[in-house]
Amino acid sequence: MAGSLIGGLIADGWNPASIRVSDTDARQLERLSQRFPVTTTTDNNRAVEGADVVVLAVKPQVMKDAVQSLAASISKQQPLVISIAAGITEPTLRQWLGEETAIVRSMPNTPAMVQSGATGMYANPYVKDDQRSVAESILRAVGIVIWVDDEAMMDAVTALSGSGPAYIFLFIEALQAAGLELGLCRETAYLLALQTAFGAAKMALESEEDATMLRQRVTSPGGTTERAIKILLEGGFGELVSKAVHTAAERSRELAKEFGDNQ
Ligand SMILES: NC(=O)c1ccc[n+]([C@@H]2O[C@H](COP(=O)([O-])OP(=O)(O)OC[C@H]3O[C@@H](n4cnc5c(N)ncnc54)[C@H](OP(=O)(O)O)[C@@H]3O)[C@@H](O)[C@H]2O)c1
């Protein structure tokens, strides 16, 4: 995820010389510096030294260990801290880093790897307006950004767009499987399913009309689409998606609690 962010920032015109990357894994740094002319170090404190913005991009399970050695320099320098870790709440981060730390908690998703991510962001009250703009421009380098005012909404963002690419992949798999059953070859069915998902999303993004209207427009009375949509709706498609997303939000709340409790 950090590699995607760095790639997006450089493609967006940020100066690579202003980016310092730290990772405990020297081979990971080696691979990264072959791709981008950024400064690398295995010493997290050196990466943070003098930084205006610190992006925390380690797995949630190792976040506490990773940030505790940074607490002193972060309290002293007061940079903006952006966390992309799932499930680590802003109060938990403040407890680890210092009570008055300016923190933006964000939830990107994997299409960030191709600069088409969707990121939800929450800023705590210590984040100044200019820091909010910087946080937004960093995450916007890998896709769209939406802000939420209430941190609890990050569970909804996680359940919808964080986990969302997997739901879409599942739908693409199901379309491909159905195409195979109808006699198409594997590659053709896959390509048709993929391009259809991409084309539909692109069309909806570029349209003034919402998805419901667009769906109704392509559903001619008595036609093939109408028959298929009827089967999906009668089979409880909407309820099933709703149940799945609610369950993901519930799991997000549970994980936040687990990470918070394990301090
Ligand atoms: N991937 C996603 O779809 C996605 C979406 C939204 C948010 N996120 C969040 O993004 C964060 C990063 O996820 P990822 O998939 O990019 O993880 P990742 O591939 O494991 O990258 C994290 C890197 O940090 C290194 N690291 C571990 N401990 C460290 C420490 N103490 N100091 C410095 N570096 C350390 C890891 O090295 P080792 O490999 O040696 O441990 C690894 O190279 C996670 O918190 C995740 O919740 C991910």
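1. Salt bridges between the domains. In this predicted model, the rule finds 0 salt bridges across the interface of domain 1 and domain 2. Polar contact between the two domains comes to 1 residue pair, with both residues at pLDDT 80 or more. On the side of domain 1 that touches domain 2, the residues divide into 1 nonpolar, 2 polar and 1 charged.

2. Division of the chain. Domain 1 covers residues 2–156 and domain 2 covers residues 164–254. Their C-alpha centres are 33 Å apart.

3. Extent of the domain interface. Contact involves 4 residues of domain 1 and 4 residues of domain 2. About 360 Å² is buried between domain 1 and domain 2, and carbon and sulfur atoms give 54% of this area. Of the area that domain 1 buries against domain 2, 75% is supplied by Asn109, Thr110 and Asp155, more than by any other three residues.

4. Surroundings of the ligand. There are 18 residues around the ligand, and those that come nearest are Met1, Asp23, Asn44, Val58 and Thr110. Thr110 thus appears both here and among the three residues named for the domain 1 side of the interface.

5. Polar atoms at the ligand. Two backbone positions and one side chain can be listed: a polar backbone atom of threonine 24 is 3.4 Å from a nitrogen atom of the ligand, a polar backbone atom of alanine 86 is 2.9 Å from an oxygen atom of the ligand, and a polar side-chain atom of glutamine 28 is 3.1 Å from an oxygen atom of the ligand. On its own the ligand has 890 Å² of accessible area, and the protein covers 72% of that.

Key
Residues numbered from 1 in each chain as written. Predicted model: local features only at pLDDT ≥ 70, side-chain atom pairs only at ≥ 80, totals over all residues. Heavy atoms only, no water. Domains from an automatic or database assignment. Contact = heavy atoms within 4.5 Å. Buried area = accessible area lost by both parts, 1.4 Å probe. Salt bridge = Lys/Arg side-chain N within 4 Å of Asp/Glu carboxyl O. Polar contact = N/O pair within 3.5 Å; in protein donor to acceptor, adjacent residues only side chain to side chain. Nonpolar A, V, L, I, M, F, W, Y, C, P; charged D, E, K, R; others polar. Near = heavy atom within 4 Å. Areas by Shrake-Rupley, 256 points an atom, 1.4 Å probe, with all protein chains shown as cover.
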